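Student: Please take me slowly through one part of this model, beginning with a single charged side chain and its partner. I am new to the structure, so please then connect that part to other places that are worth a look.

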Amino acid sequence: MHIVSDFPRKVQEEEDWITLSDGCRLAIRIWRPVDAESDPVPAILEYLPYRKRDLTAMRDAQTHAYWAGHGYAGVRVDMRGSGESDGVLTDEYLQQELDDGVEILHWLGKQPWCTGNVGMIGISWGGFNGLQIAALQPPELKAVITLCSTDDRYADDVHHMGGCLLGDNLSWASTMFDGNTCPPDPQLVGERWRAMWMERLEGSGLWLATWLQHQRRDDYWKHGSVCEDFSRIRCPVYAVSGWADGYCNAVFRLLEGLDVPRKGLVGPWSHKYPHLGVPGPAIGFLQESLRWWDHWLKGKETGIMDEPMLRVWMQDSVPPSARYEERPGRWVAEPSWPSPRIEPQHFRLTSGHDLLPVAQDSPAFADNDVPLSVRSPLSVGLYAGKWCSYNAPPDLPHDQRSEDGGALIFQTARLDHDIEICGQPFVELDIEADQPVAMVAVRLIDIADDDKATRISYGLLNLTHRDSDEFPQPLEPGKRYRVRILLKHIAQKFPAGHAIRLSLSSSYWPLAWPSPVPVKLTVHPAGCQLTLPSREPQPEEEAALPAFAEPEGAPPLAITLLQPSQETWRVIRDLAQDQTVLEVINDEGIFRLEDIDLELSSRVIERYTYSYGNYDSLSGWTEWERSFRRGDWEVRSLTRTLMTSNATHFRLRATLDAFEGDSRVFSKSWDEEIPRDLV
């Protein structure tokens, strides 16, 4: 990243408080031009629970100061119950959070250094609440940039996919379990820090238990899902994600569903801002954001709205790897979405395990009626990576040949020409199951000339959700159903000489929690079809696309590394005990933020375990340890969560311990059973 320190306007930084109408104080950090009171500027708000003073401080310093140097007020607010703000955080996207956000916008609009125009930006949580607050139509909010977020909290978030319960549900719950144990900084709040900390430790709760009470699409998930009424959003939206991120689908739904000026951008990145994006190439996203803000907050003509509505990174074929530094490819664009230039390309499944191209006017193949069945081992999914990749520790899918031994596979002949796709693949299956609750996992795979298998996209479907996520219905064993499985959107090139594989399995652990008992799926190929969104290259148009600038940022904070980080992702197979463990360790080491003389450390371990063929042996276990230290002030928290299941219930056991110095000052435990609801 190129570091910029000579900005058009000199920047000052300050920490302050916003007092809300109910008396709650929110902690705020502002970067703005020093002359903003005589020459007011628009504000750019990022509103998060992730602690502006320490956990996001390094990122914030390089982004918000950059915007401030170009004539904006970069604003970071810790939401109620986080950082140095008052209160307790008890769940995601509560109405209180959104109402507080509207008050923050009102406050910003009235400041003497603000023009009254405000934009919201955020990645993940901040991307969610930017859309959610936009749907409330506060007058100060003139535009939004939402990154790595979703319009649909049930269908396309960390909790569920196709009605299946995602393993990241446990992982993410444990992240927030840890985050809610963090104390406010005494340097800002004084002696009340301890009382505020104890209030959080006692009151934040076990969020995972709340989420598991809602296993179907009910009002809990509809709240905050802006897809329920896209027309509520009346300001311009720029939606951004990456192919390795969990949230790329939302970009395309927002472009299709919104009726406001909008743009979409999808790169090769994981769950990262694009100027920090990995896999690369990263881009000059802060410069791109300025073009957006200048247009919508300052009324400048930057040309950004004259460019295509959608730009995506068309990925070239690569060997499978759990981590990529770069993904080769090229930028392509579509002037509108859905694009009339995307044509469906169909492939029929055969009882001989072939994927055969089908012309649109081809008749049905009634002779292809030999059923095929699969009962996958629980090992299918060990090399799937995470639903939402951070590219660290290595969390992308590895060679799929290890997975395909337990799957039903169909494959094309070696391609005689390149095929490029852009959009959402889907599969239609004529399928039956021998149990009332079953799932199917579908993977789209690029087979190289050396037979290495790289997963391109995938989709899941809880077959009880075949007609509705809100009103699932059990299967009738032995009855045939026609279902459609949507895969993740993707832009990908399959080169000549490669083959395309479709893999079907009855489990995908631990990316998704399996069905209550082992299931045999039977597929009737005559009624099955894969559809790919085919796109012809547009070389002249692509050559004319303006290039993104190289990444830039403001000067970084000074930090001192005291202990290096450690990352591992291991599959451990104990043949003597007939037990398999996926172990993930992410130890961030110890570092000191020099400007506030604060030492921080965090370490998380996740283990996903099963015994061969024993569905009652499934378990997910997480442990977070985090500490803060300044001089003789030292606090530490330790959280552990164990999730298990049997055929009828999920069971959660969790503990929270907090320490001040060497003394344990708080301890709490949970033990809860929650019935399975057709999951």
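**A salt bridge and its surroundings**

Tutor: Arg629 counts as partly exposed, because its relative accessibility is 36%. Please keep in mind throughout that this is a predicted model. The side chain of Arg629 meets that of Glu599 in a salt bridge, with 3.5 Å from N to O. This pair brings together distant parts of the chain, since Arg629 belongs to strand β32 (residues 614-630) and Glu599 to strand β31 (residues 598-611), 30 residues apart. Glu599 has a relative accessible area of 18% and is therefore buried, the limit for that word being under 20%. Glu599 also forms a salt bridge with Arg592, where the closest N and O atoms are again given as 3.5 Å apart.

These pairs belong to a wider set, for the count in the model comes to 58 salt bridges. One of them joins Asp451 to Arg414, the closest N and O atoms being 2.8 Å apart. Here too distant parts of the chain are linked, as Asp451 sits in the loop between β20 (439-447) and β21, and Arg414 in the loop between β17 (408-411) and β18, 37 residues apart. Asp451 is partly exposed, with a relative accessible area of 40%, and Arg414 counts as partly exposed at 37%. Elsewhere, salt bridges link Glu13, Glu15, Arg29, Lys52, Arg53, Asp185 and Arg630 in a network.

A polar residue that is hidden from the surface can be looked at next. Ser637 lies in strand β33 (residues 633-645) and counts as buried, at 4% relative accessibility. Its side chain is joined to that of Thr181 by a polar contact of 2.7 Å. Apart from neighbours within four places in sequence, the residues in contact with Ser637 are Asp178, Thr181, Trp624, Glu625, Arg626, Asp657 and Ala658.

From there we can turn to the helix α9, which is largely enclosed by the rest of the structure, because seven of its 10 residues are buried. The buried ones are Cys248, Asn249, Ala250, Val251, Phe252, Leu254 and Leu255. Among the elements that cover them are α3 (125-134), β7 (141-147), β10 (237-242), β11 (262-267) and β12 (310-315). Leu310, in strand β12, gives a close view of this covering, and at 1% relative accessibility it counts as buried. Not counting residues up to four places away in sequence, Leu310 touches Val251, Phe252 and Leu255, and in addition Gly264, Leu265, Val332, Ala333, Glu334 and Trp337. Between the C-alpha atoms of Leu310 and Arg262, which are 48 residues apart along the chain, the separation is 9.0 Å.

Helix α9 leads on to an open space as well, since α9 (248-257) is among the elements that each supply at least two residues of the lining of the second largest pocket. The others are β8 (160-161), β14 (343-349), β18 (419-423), β21 (453-462), β22 (481-486) and β26 (529-534). The second largest pocket holds about 780 Å³ of space. It is lined by 39 residues, of which Gln424, Ile485, Leu486, Leu487 and His489 are the closest to its centre. By type, the lining divides into 18 nonpolar, 12 polar and nine charged residues.

Technical notes:
Residues numbered from 1 in each chain as written. Predicted model: local features only at pLDDT ≥ 70, side-chain atom pairs only at ≥ 80, totals over all residues. Heavy atoms only, no water. 1 Å grid on protein atoms, 1.4 Å probe; cavity = no way out; pocket = protein on both sides within 12 Å on 5 of 7 lines; lining within 4 Å. Points joined across faces, edges and corners; volume = space filled by probe spheres on them. Helix = DSSP H or I, 4+ residues; strand = E, 2+ residues; numbered from the N terminus. Nonpolar A, V, L, I, M, F, W, Y, C, P; charged D, E, K, R; others polar. Buried < 20%, exposed > 50% of the residue type's maximum accessible area, 1.4 Å probe, protein only. Polar contact = N/O pair within 3.5 Å; in protein donor to acceptor, adjacent residues only side chain to side chain. Contact = heavy atoms within 4.5 Å. Salt bridge = Lys/Arg side-chain N within 4 Å of Asp/Glu carboxyl O.
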